[in-house]
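This briefing is meant to be read alongside the sequence and the coordinates. Please keep both in view while going through the points.

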Amino acid sequence: MMELLFLLLPVAAASGWWIARRSAKWSSSERCERAPTFFRGLNYLLNEQPDKAIDVFLKLAEMDSETVETHLALGSLFRRRGEVDRAIRIHQNLVARQSLSLSQRGFALYELGRDYMLAGLFDRAESLFNELVEMELQQQRALRGLIEIYQAEKEWPRCLEMAERLQRISDEPLSTEIAQYHCEMAEECLRTGETDSARAHLLDAQSVDADCIRASMLQAQMEMTAGDAETAALLYRRVVERGPRYLPAMLPGLLECWRRLGRKQVAGELQSFFDMHPSPPLMLELSEAIEREQGIDAALVFLEDYLCEHADLAGAERLLELRMRLRNSAGQGDAILLQVLRQLLALQPVHQCEHCGFEARALHWQCPSCKRWGSIKAVEPYPIANPAVLKQRRIS
Ligand SMILES: [Zn+2]
């Protein structure tokens with residue numbers, strides 16, 4: 001629906017003006033015929049019937065080839081249907097008209113820029129959006145378009161420049177994006193060994209977004225590389241407290257910290273994280289730690305408690321595997337069940353975008369689907385519908 005609203009923007013913004021202006025030129029019979037047709041087209045758009053809307057606007061365009069708004073609507077509709085060549089032709093013809101007002105030129109140039117983006121002609125889109133920014137026409141949307149282009153090209157300093165510019169002229173909060181661009185630049189600096197610059201970018205990230213989990217994780221990794229596992233462990237702990245849903249992503253780094261510090265007993269601290277925010281990767285790590293430190297029976301009790309509250313395949317697989325190990329043998333049924341669980345587990349996502357539902361095995365800081373930053377988090381286990389009944393059965 002939002003996409004549709006954006007599509008309607010150039011049409012709706014000018015529709016009142018359109019009716020007023022055209023009405024002055026039309027005869028009363030033309031007025032009776034065309035104004036309702038225009039609104040019928042709008043109505044089709046609102047009812048998400050783009051094919052019918054195209055028919056109406058095409059008819060209107062034939063009746064009056066001068067109408068800018070009709071052509072804007074048609075161009076947007078063709079682009080929405082994936083007919084980008086037709087959209088480009090319509091918008092190019094519009095832009096070539098000398099009679100356009102400044103605001104109409106802004107709309108048409110922006111729409112042409114969107115066409116170019118869809119066609120993969122980023123250099124042309126970029127130059128149009130830059131032109132709009134300089135002319136202060138459609139400035140915010142053009143800056144957003146430039147950010148999209150630079151993100152796709154991984155031009156992080158330019159993303160940062162555009163986002164800061166956009167933030168200055170709009171009410172849009174962009175601190176999350178700006179912090180992520182600093183983190184991207186910090187990672188690039190780390191790859192090329194520029195640790196001072198990396199550190200500066202991470203400080204900048206935290207100054208614009210104090211809750212930037214990624215910046216703290218990168219700082220912890222830098223401390224580990226520098227050989228300061230103690231500071232790294234403190235930083236990881238701070239990250240866990242502020243963003244427990246990112247724990248699966250930082251678990252390997254944290255365990256490596258503890259290994260370097262020579263810590264043998266880790267189950268207690270893992271348990272405190274687990275109490276804060278249980279997740280399948282943490283459950284697996286904790287069950288292993290409990291088995292190492294307290295024995296297989298304690299690990300079995302932990303897993304049974306966990307499964308009484310969470311419908312989780314990873315937990316079921318680990319419990320079955322431990323039971324088979326404890327018996328030191330496997331019945332054919334157990335082996336088949338283990339195989340089924342493992343196969344289903346391999347298909348399960350570890351992370352999911354909170355905004356669009358995109359599923360991934362690895363953590364992405366920017367969702368590959370909806371392009372949001374920081375919206376992908378570790379998948380949480382499903383809660384059991386009636387944990388009390390299960391626990392009761394276990395006791396009896
Ligand atoms: Zn998404």
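The points below go from the whole chain to the metal site, the sheet, two helices and the salt bridges.

The model is a predicted one, and its protein chain carries 20 helices and 5 strands. Of the 396 residues in the chain, 46% count as buried. Among the contacts with a separation of 6 or more, 51% are made by residues that lie 24 or more positions apart.

**Zinc site**

- The zinc ion is held by four cysteine sulfurs, namely the SG atoms of Cys353, Cys356, Cys367 and Cys370, at 2.3 Å.
- Along the chain these donors follow the spacing C-x2-C-x10-C-x2-C, and within that pattern cysteine 353 belongs to strand β2 (residues 351-353), while cysteine 370, 17 residues apart from it, sits in the loop between β3 (359-360) and β4 (376-378).
- The arrangement is tetrahedral because the angles subtended by the 4 donor atoms run from 104 to 115 degrees, and the criterion requires all angles to lie between 85 and 135 degrees.
- For comparison, the ideal angle for four tetrahedral donors is 109.5 degrees.
- Cysteine 353 counts as buried because its relative accessible area is 3%, under the 20% limit for that class, whereas cysteine 370 is partly exposed at 24% relative accessibility.

**Sheet**

- Three strands form an open sheet in the order β3-β2-β4, and their pairing is antiparallel.
- Strands β3 and β4 are the edge strands, each of them pairing on one side only.
- Between β2 and β3 the antiparallel pairing extends over 2 bridges, and histidine 351 has alanine 360, in β3, as its bridge partner.
- In general, strands of a sheet pair through backbone hydrogen bonds.

**Helix α4**

- Helix α4 covers residues 68-80, and its 13 residues reach 18 Å from the first C-alpha to the last, which is close to the 18 Å expected at 1.5 Å a residue.
- This helix is mostly covered, with 12 of its 13 residues buried; the buried set includes the charged residues Glu69 and Arg79 as well as Leu72, Leu74, Leu77 and Phe78.
- Just after α4, glycine 82 adopts a positive phi of about 90 degrees.

**Alanine 233 in helix α13**

- Alanine 233 is placed in helix α13 (residues 229-242), and its relative accessibility of 14% makes it count as buried.
- Leaving aside residues up to four places away in sequence, alanine 233 touches Leu254, Cys257, Trp258 and Leu261.
- The C-alpha of alanine 233 is separated by 8.7 Å from that of glycine 253, which is 20 residues apart from it along the chain.

**Salt bridges**

- The count of salt bridges in the model comes to 28.
- One of them joins arginine 144 to glutamate 172, with the closest N and O atoms 2.8 Å apart; arginine 144 is in helix α8 (residues 139-152) and glutamate 172 in the loop between α9 (156-169) and α10 (175-191), so that the pair links distant parts of the chain, 28 residues apart.
- Both partners are partly exposed, arginine 144 with a relative accessible area of 25% and glutamate 172 with one of 30%.
- Another salt bridge is formed by arginine 342 and glutamate 317, whose closest N and O atoms are 2.6 Å apart; because arginine 342 lies in helix α19 (residues 332-347) and glutamate 317 in helix α18 (residues 313-327), the pair ties together parts that are 25 residues apart in sequence.
- In this pair arginine 342 is partly exposed at 41% relative accessibility, whereas glutamate 317 is buried, with a relative accessible area of 10%.
- Arginine 318 and glutamate 321 also meet in a salt bridge, at 3.5 Å from N to O, and they are separated by about one helical turn because they are 3 residues apart in helix α18.
- As a general point, an α-helix has 3.6 residues a turn, so residues three or four places apart point the same way.
- Arginine 318 counts as buried at 11% relative accessibility, while glutamate 321 counts as partly exposed at 22%.
- Arg318 and Glu321 also belong to a network of salt bridges in which they are linked with Glu288, Glu291 and Arg325.

Terms used
Residues numbered from 1 in each chain as written. Predicted model: local features only at pLDDT ≥ 70, side-chain atom pairs only at ≥ 80, totals over all residues. Heavy atoms only, no water. Donors = N, O, S within 2.8 Å, 3.2 Å for Na, K, Ca; no water. Tetrahedral: all angles 85-135°; square planar, octahedral: opposite > 155°, others 65-115°. Helix = DSSP H or I, 4+ residues; strand = E, 2+ residues; numbered from the N terminus. Buried < 20%, exposed > 50% of the residue type's maximum accessible area, 1.4 Å probe, protein only. Pairing = 2+ DSSP bridges. Expected span 1.5 Å × (residues − 1). Salt bridge = Lys/Arg side-chain N within 4 Å of Asp/Glu carboxyl O. Contact = heavy atoms within 4.5 Å.
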